[in-house]
Amino acid sequence: MALNKEEILDAIAGMSVLELSELIKLMEDKFGVSAAAAAVAVAAPAAGGAAAPAAEEQTEFTVILGAAGEKKVEVIKVVRAATGLGLKEAKDLVDGAPKPVKEGISKADAEALKKQLEDAGAKVELK
C-alpha cells in the first residue's frame, strides 16, 4: 500500500517532537544523508508553535585565516606546520586570505590552531 504525499505530511504533523526526531534519525541511517537543517525547519511547525528544539551541537569546525597581520612569516610557519603544505603553497594561502586553513576538525583542534595563528599575529575565525 503506497501512501501519497498528503497522507505522509498528515502523519508527520501528528507526531510529537521526540517522534519526529526519531523518524529523522531513521531516515538519515536508511538513506545515508544528514537532515540537521531540515529537522529544525520541520520540527517548528510540528510542535504547534512551541519553540523549535536546539540545533545539534557543531562537531566539525573550519579555521579561516582572515588576515596575516604584521608578522606574515610567522603566520606562514604556523600554516605550514598545521597543514603540511610546502612553503609556496602556505605563502599562497596566507596571501590569498581570507581562506580556510583547515576544515572538518574538532573544536579542540580548531581552537588550538586559532590560538597559534593569533599568537603569530593573524586574524582568525572559526565556522
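A salt bridge, as the term is used in this talk, is a side-chain nitrogen of Lys or Arg within 4 Å of a carboxyl oxygen of Asp or Glu. With that in place, I can begin with a network: Lys72, Lys91 and Asp95 are linked to one another by salt bridges. Please keep in mind throughout that this is a predicted model.

Let me take the network pair by pair. Lys72 and Asp95 meet through their side chains, with 2.6 Å from N to O. Lys72 belongs to helix α4 and Asp95 to helix α5, so this pair ties together parts that are 23 residues apart in sequence. The other pair is Lys91 with Asp95, where the closest N and O atoms are 2.7 Å apart. Here both residues sit in helix α5, four residues apart, which is about one turn of the helix.

How accessible are these residues? Lys72 is partly exposed, at a relative accessible area of 33%. Lys91 is partly exposed as well, at 37%, and Asp95 also counts as partly exposed, at 38% relative accessibility.

By the rule I gave, the count of salt bridges comes to six. One of them lies within helix α4, where Lys77 and Glu74 are three residues apart, about one turn of the helix. The closest N and O atoms of that pair are 3.9 Å apart, and the cut-off is 4 Å. Glu74 is partly exposed, with a relative accessible area of 37%.

I turn now to the overall arrangement. The chain has six helices and three strands, and from the N terminus on the elements run α-α-α-β-α-α-β-α-β. Of the 127 residues in the chain, 21% are buried. Among contacts with a separation of 6 or more, 62% are between residues 24 or more positions apart.

Next, the nonpolar core. In soluble globular proteins, nonpolar side chains tend to be buried together. Which members of the largest nonpolar core touch the most other members? Of its 20 residues, they are Val75, Val79 and Leu117. Two or more residues each come from β1 (61-67), α4 (72-83), α5 (87-95), β2 (99-105) and α6 (107-119). Helix α4 gives the most to this core, with five residues.

Leu117 deserves a closer look. Setting aside neighbours within four places in sequence, Leu117 is in contact with Val63, Val75, Val78, Val79, Val101, Ala122 and Val124. Two of the partners named there, Val75 and Val79, are also among the core members that touch the most others.

Glu118 is likewise found in helix α6. At 39% relative accessibility, Glu118 counts as partly exposed. Its C-alpha atom is separated by 9.2 Å from that of Ala68, although the two residues are 50 residues apart along the chain.

From the helices I move to strand β1, which holds Thr62. Is Thr62 buried or exposed? Thr62 is buried, with a relative accessible area of 18%, and the cut-off for buried is under 20%. Not counting residues up to four places away in sequence, Thr62 touches Pro100, Lys102, Glu103, Gly104, Glu125, Leu126 and Lys127.

Helix α2, residues 17-31, is my next subject. This helix has 15 residues and reaches 21 Å from its first C-alpha to its last, close to the 21 Å expected at 1.5 Å a residue. Within α2, the residues Leu20, Ile24 and Glu28 are buried. Viewed down the axis of α2, the buried residues fall within an arc of 80°, so they line one face of the helix. On the other side of α2, the residues Leu18, Leu26, Asp29 and Lys30 are exposed. Following α2 comes Gly32, with a positive phi near 65°.

I close with the confidence of the prediction. The mean pLDDT of the chain is 79, and 82% of its residues reach 70 or more. Where does pLDDT stay under 50? One such stretch is residues 37-41, for which the model has four contacts beyond four places in sequence. Another is residues 46-53, also below 50, with twelve contacts in the model beyond near neighbours in sequence.

Key. Residues numbered from 1 in each chain as written. Heavy atoms only, no water. pLDDT = per-residue confidence, 0-100. Contact = heavy atoms within 4.5 Å. Expected span 1.5 Å × (residues − 1). Buried < 20%, exposed > 50% of the residue type's maximum accessible area, 1.4 Å probe, protein only. Arc of directions from axis to C-beta. Core = buried A, V, L, I, M, F, W, Y, C linked by side-chain atoms within 4.5 Å.
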